[in-house]
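Colleague: I am new to this structure and should be grateful for a close look at a single part of it, namely the packing and pairing of its helices. Please explain each term as it arises.

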Amino acid sequence: MAKIGIYGGSFNPPHAGHISAAKQALDALKLDRLLLIPVSAAPHKTMPHLTASGQDRLAMLELSAQGLPGLEPCDVELRREGVSYTVDTLRILKAQFPEDTFTLLMGTDMFLSFESWRAAEEICQLAELGALYRGEKGEKEQMEAQKQRLEKRFGAKITLVKNQAVEISSTDVRRLLIFRCPGDYLRPGVESYIREKGLYETSKDLQSLPMEELEQVVVSLLHPQRVAHVLGCRDTAVALARRYGANETDAARAGILHDITKVLPPAQQLLLCQTYGVELDDFSRVNAKTLHALTGSLVADRIFGENKAVCSAICHHTTGCANMTLLEKIIYIADYMEPNRDFPEVEALREVTWRDLDSAVLMGLEMTLAILQANRRAIAPDSLAAIADLKQKLGG
């Protein structure tokens with residue numbers, strides 16, 4: 001009699017987080033085999049429009065599991081039509097392996113919502129539950145309380161497994177593929193497979209796109225909550241370019257791209273710099289949260305083919321720099337005071353912006369400096385240089 005684990009998911013694509021969790025569960029639960037099962041159609045979420053086919057996701061799982069004993073990709077849900085309900089999968093596997101025992105793996109969110117699953121009680125009769133959690137504050141207490149509820153209500157057999165999670169999602173990996181820097185988040189062979197097949201639009205030429213197409217691509221790569229800000233920055237930059245005589249096309253393109261990598265956490269920002277061969281200064285290495293301006297400029301250059309003026313404006317839109325160009329000033333201040341921004345001094349900043357651009361940029365830099373000093377946070381040398389330069393120009 002074998003102990004078989006079941007690990008289902010979209011695996012779109014399968015990445016280091018999936019494989020790490022699978023290996024930890026295999027060991028912690030003393031499983032003989034762990035079936036990696038790509039869903040055909042998930043019941044709990046809508047699959048993104050860039051979802052790879054079931055056969056492609058299965059092939060990527062097979063590449064991901066190579067050389068890892070105990071991990072076995074399984075097409076049981078791909079062979080069925082319609083929504084992939086777990087209870088149906090368990091019925092099939094139980095009929096196929098009647099002498100074996102099953103453990104169904106799930107993460108925190110799925111475990112805490114388990115009672116809403118179709119035929120939850122029957123699932124507990126067909127399989128034990130292996131609930132993976134990360135150990136975040138209060139999480140274990142929630143998991144323990146849910147364990148007791150499910151044991152009492154369904155007679156479930158449950159093991160909680162602390163998972164040293166790799167902080168990456170399939171959405172993150174799809175972004176990194178567009179930026180050409182998935183690093184070790186994909187197992188050997190998976191990136192090549194994706195690019196050979198042109199999955200996730202990796203074969204699409206993004207160089208010098210018309211604005212309408214550029215907007216569509218950028219919006220798809222942003223966090224949804226950042227879209228309004230980016231579009232507001234773009235439109236404000238164009239209006240400022242018209243007011244002060246800058247190139248309106250460059251202003252629009254820098255505005256739409258300025259936060260293109262903002263969604264990436266520090267580890268992925270550093271990975272992008274490493275992949276692109278960029279040496280970081282001491283401030284940037286220690287303050288990785290400020291890196292999105294630099295990495296955004298690198299992506300604008302290498303992925304989108306933007307000109308030097310646009311890339312430089314993106315690079316300096318957070319900290320400023322000495323001897324800022326007109327476009328750099330416009331993108332800096334448009335980012336600061338576009339219509340979606342809401343803070344006590346923003347109306348005063350907007351009034352100054354339309355009257356005197358240099359004074360507005362200096363005002364924005366000094367406001368940021370005051371906030372950083374009040375919170376005892378590091379100040380970028382470029383910001384200090386920008387302040388000194390603008391004060392000299394303004395005679396202050």
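Modeller: What follows is an account of the cores, the salt bridges and one helix contact.

This is a predicted model, in which local features need pLDDT of at least 70 and side-chain atom pairs count only at pLDDT 80 or more, while totals for chains, interfaces and linings use all residues. Residues are numbered from 1 along each chain as its sequence is written, and side-chain values use heavy atoms, with hydrogens and water left out.

I begin with the interior. The largest nonpolar core has 73 residues, and Phe179, Leu257, Phe304 and Ile333 touch the most other members. Such a core is a set of buried Ala, Val, Leu, Ile, Met, Phe, Trp, Tyr and Cys residues joined through side-chain atoms within 4.5 Å; buried means under 20% relative accessible area, exposed over 50%, and partly exposed in between, with a 1.4 Å probe and protein chains only. Helix H16 (residues 326-337) supplies the largest share of this core, eight residues. Helices are DSSP runs of H or I with at least four residues, numbered from the N terminus. A second, separate core of 29 residues includes Leu35, Ala120, Cys124 and Ala131. In soluble globular proteins, nonpolar side chains tend to be buried together.

Leaving aside residues up to four places away in sequence, Ile333 touches Leu240, Leu349, Thr353, Leu357, Ala360 and Val361, where contact means heavy atoms within 4.5 Å.

H16 also takes part in a charged pairing. Lys329 forms a salt bridge with Asp358, and their closest N and O atoms are 2.7 Å apart. Because Lys329 lies in helix H16 and Asp358 in helix H18 (residues 357-374), this pair ties together parts that are 29 residues apart in sequence. Lys329 counts as buried, at 9% relative accessibility. A salt bridge is a side-chain nitrogen of Lys or Arg within 4 Å of a carboxyl oxygen of Asp or Glu, and the structure holds 21 of them.

Another salt bridge joins Arg234 to Glu215, with 3.2 Å between the closest N and O atoms. Arg234 belongs to helix H10 (residues 227-244) and Glu215 to helix H9 (residues 211-221), so the pair ties together parts that are 19 residues apart in sequence. Arg234 is buried, with a relative accessible area of 11%, whereas Glu215 is partly exposed at 26%.

Glu215 appears again where H9 meets helix H11 (residues 248-257). The axes of H9 and H11 come within 10 Å and cross at roughly 10 degrees; axes are lines fitted to C-alpha atoms, for helices over the stretch in contact, and angles run from 0 to 180 degrees between N-to-C directions. H9 and H11 are therefore roughly parallel to each other, a description that applies to angles under 35 degrees. Met211, Leu214, Glu215 and Val218 of H9 make the contact with Ala252, Arg253, Ile256 and Leu257 of H11. By class, this contact has six nonpolar, no polar and two charged residues.

A further salt bridge lies within one helix. The side chains of Glu347 and Arg350 meet at 2.8 Å, N to O. Being three residues apart in helix H17 (residues 346-355), Glu347 and Arg350 are separated by about one helical turn. Glu347 is exposed, at 53% relative accessible area, while Arg350 is buried at 14%. Elsewhere, salt bridges that share partners join Asp88, Arg91 and Glu122 into one network.

Notes: Helices (H or I, at least four residues) and strands (E, at least two) are DSSP runs, numbered from the N terminus. Angles under 35 degrees count as roughly parallel, over 145 as roughly antiparallel, 65 to 115 as roughly perpendicular and the rest as oblique. Ala, Val, Leu, Ile, Met, Phe, Trp, Tyr, Cys and Pro count as nonpolar, Asp, Glu, Lys and Arg as charged, and the others, Gly among them, as polar.
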